[in-house]
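User: I would like to go through this model step by step, with the reasoning behind each answer laid out. Could we begin with a single residue and work outwards from there?

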Amino acid sequence: MPSTTLEFTPAAKAPPVALDFTPQVEADTADIYARLKGKVSPIEWQLQAPLIAEINRLKRDMNAVILAHNYMTPEIFHGVGDYVGDSLGLAREAAKSKADIIVQGGVHFMAETSKILAPEKTVLIPDLRAGCSLASSLTGDQLRLIKQRYPGLPVVTYVNTTADVKAETDICCTSANAVQVVEHIAREWGVDRVIMVPDEFLARNVARQTNIGIIAYKGSCEVHERFDASDIADVRAAHPGAIVLGHPECPPDVIAACDFTGSTTAMIDYVMDHKPKQVVLVTECSMADNVAADVEGVEFLRPCNLCPHMKRITLDGIYQSLLHRQYEVTVDPAIIDKARLAVQRMIDMPPLKLPARYDMIKARHHVDVELIS
């Protein structure tokens, strides 16, 4: 039996709503536009503002919230997102939200995680096709075989995974706390190596920050795996003073060429704290657009890569999802009970005193991972 199903139960046909750019809509969205002016053209805004106003009205009427990941486009992130941030932040918000309905502004594994943490709530995803190459790289059955091959070792699973994988996991992690989680679970189990799945590059980068041995799996994020060190070299040649920030899902040679590497939240904190004149965020493109709306005097340079799955989530999709209560994500209760333990252990980890940084120059050693073949 699959762990997850997607259900579409149309509500009674609602009367049509006139989504016009009226003076009232303009007034209701003026504060949002003030943040996005310069990032969104006036013509685009006249199309987006009526949807934003109507989505925000529907949320109030339905006691719904939208969890918007950092990779959402600016009109979603700043326009309708109630809680915004990285996977760990959104998971925490899902667990404590008092809303009846959660709309996931992100991909399917995030909606599953929300359902795992808030099984009594209705969790909607606006587009059925919003998947994740990394999450689809490993199944629960495959992880069970890996555990049989390495008995007695704890399993650390990246939160970018399906519910059935989380159900076979001892503790989840995000890029923000992966090193902390690996070292914690190794101490708890009294072992000197752990299984860490499914992101090969995150595992390789974590291995360079800890003395704990890592057994890794060959999965990757299609956004971050496309970067290579020549991209960084090209930027530095064109913009000698630019600061380059990388995400630990990138290959290690990319990370070694960056000035700073950390989770999406750590990258944002770096920009907000240091305000470099020119900066490159080596990650999904929309993150730079979202940060640019909150900081002045910083020029955001490319390269970046678009996530085709994240971009399936649109304002119109969110509007239709709320209007018709589509598409509901449900998870098998037996899977929820097992998966929640792993996710909750991650959430209960003590907060980091400083933003997690993957220091590839001053790494303690360069022992590589054992890659599962």
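User: Which residues does Asn 177 touch, not counting residues up to four places away in sequence?

Analyst: This is a predicted model, and the values that follow are computed from it. Asn 177 sits in the loop between β7 and α9, and with a relative accessible area of 4% it falls under the 20% cut-off and therefore counts as buried. Once residues up to four places away in sequence are set aside, its contacts are Leu 88, Met 346 and Leu 352.

User: Which residues of α9 are buried, and what covers them?

Analyst: Helix α9 runs over residues 178-189, and its 12 residues reach 16 Å from the first C-alpha to the last, close to the 16 Å expected at 1.5 Å a residue. Its buried residues are Ala 178, Val 179, Gln 180, Val 181, Val 182, Ile 185 and Ala 186. The cover over these buried residues includes β6 (155-158), β7 (171-173), β8 (193-197), α10 (200-207) and β9 (213-216).

User: What residue follows α9, and what is its phi?

Analyst: The helix covers residues 178-189, and the residue that follows is a glycine with a positive phi. Most residues other than glycine have a negative phi. The residue following α9 is Gly 190, with phi near 65 degrees.

User: Which residues other than glycine have a positive phi, and where do they lie?

Analyst: Two such cases can be described here, each in a loop that joins a helix to a strand. Asn 63, in the loop between α3 (42-62) and β2 (64-69), is partly exposed with a relative accessible area of 34%, and its phi is about 55 degrees. Arg 325 lies in the loop between α15 and β14 and, at 43% relative accessibility, also counts as partly exposed; its phi is near 50 degrees.

User: Where are cis peptide bonds found, and what are their omega values?

Analyst: Most peptide bonds are trans. One cis bond leads into Pro 198, which is found in the loop between β8 and α10, and another leads into Tyr 327, in the loop between α15 (315-324) and β14 (328-331). The bond joining Val 197 and Pro 198 has an omega of about -5 degrees, and the one from Gln 326 to Tyr 327 has an omega near -15 degrees.

User: Is Lys 277 buried or exposed, and which residues is it in contact with?

Analyst: Lys 277 is found in the loop between α13 (264-274) and β12 (278-282), and its relative accessible area of 71% is over the 50% cut-off, so it is exposed. Its C-alpha atom is separated by 8.3 Å from that of Ile 243, a residue 34 places away along the chain. Leaving aside neighbours within four places in sequence, Lys 277 is in contact with Gly 297, Val 298 and Glu 299.

User: How many cavities of 30 Å³ or more does the structure hold, and which residues lie closest to the centre of the largest?

Analyst: The structure holds two cavities of that size, and about 290 Å³ of space lies in the largest. Its lining divides into 14 nonpolar, 12 polar and three charged residues, and the elements that give two or more residues to this lining are α5 (87-96) and α6 (108-117). Of the 29 lining residues, the closest to the centre are His 69, Tyr 71, Met 110, Asn 160 and Glu 249.

User: Which element gives the most to the lining of the second largest cavity?

Analyst: The second largest cavity has a volume of about 60 Å³, and its lining consists of Ser 87, Leu 90, Ala 91, Gln 104, Phe 109, Met 110, Thr 113, Ser 114 and Val 159. These residues divide into five nonpolar and four polar, with no charged residue. Both α5 and α6 supply at least two of them, but the element that gives the most, with four residues, is α6.

User: Why can the protein be called as compact as a globular protein of its length?

Analyst: The secondary structure comes to 16 helices and 15 strands. For 373 residues the globule rule gives 21 Å, and the protein is as compact as a globular protein of that length because its radius of gyration is close to this, at 21 Å.

User: What share of the residues is buried?

Analyst: Along its principal axes the C-alpha trace spans about 65 × 55 × 30 Å. Among contacts between residues at least 6 apart in sequence, 67% join residues at least 24 apart. Of the 373 residues in the protein, the buried share is 58%.

Methods:
Residues numbered from 1 in each chain as written. Predicted model: local features only at pLDDT ≥ 70, side-chain atom pairs only at ≥ 80, totals over all residues. Heavy atoms only, no water. 1 Å grid on protein atoms, 1.4 Å probe; cavity = no way out; pocket = protein on both sides within 12 Å on 5 of 7 lines; lining within 4 Å. Points joined across faces, edges and corners; volume = space filled by probe spheres on them. Nonpolar A, V, L, I, M, F, W, Y, C, P; charged D, E, K, R; others polar. Expected span 1.5 Å × (residues − 1). Buried < 20%, exposed > 50% of the residue type's maximum accessible area, 1.4 Å probe, protein only. Contact = heavy atoms within 4.5 Å. Rg over C-alpha atoms; globule rule 2.2 N^0.38 Å.
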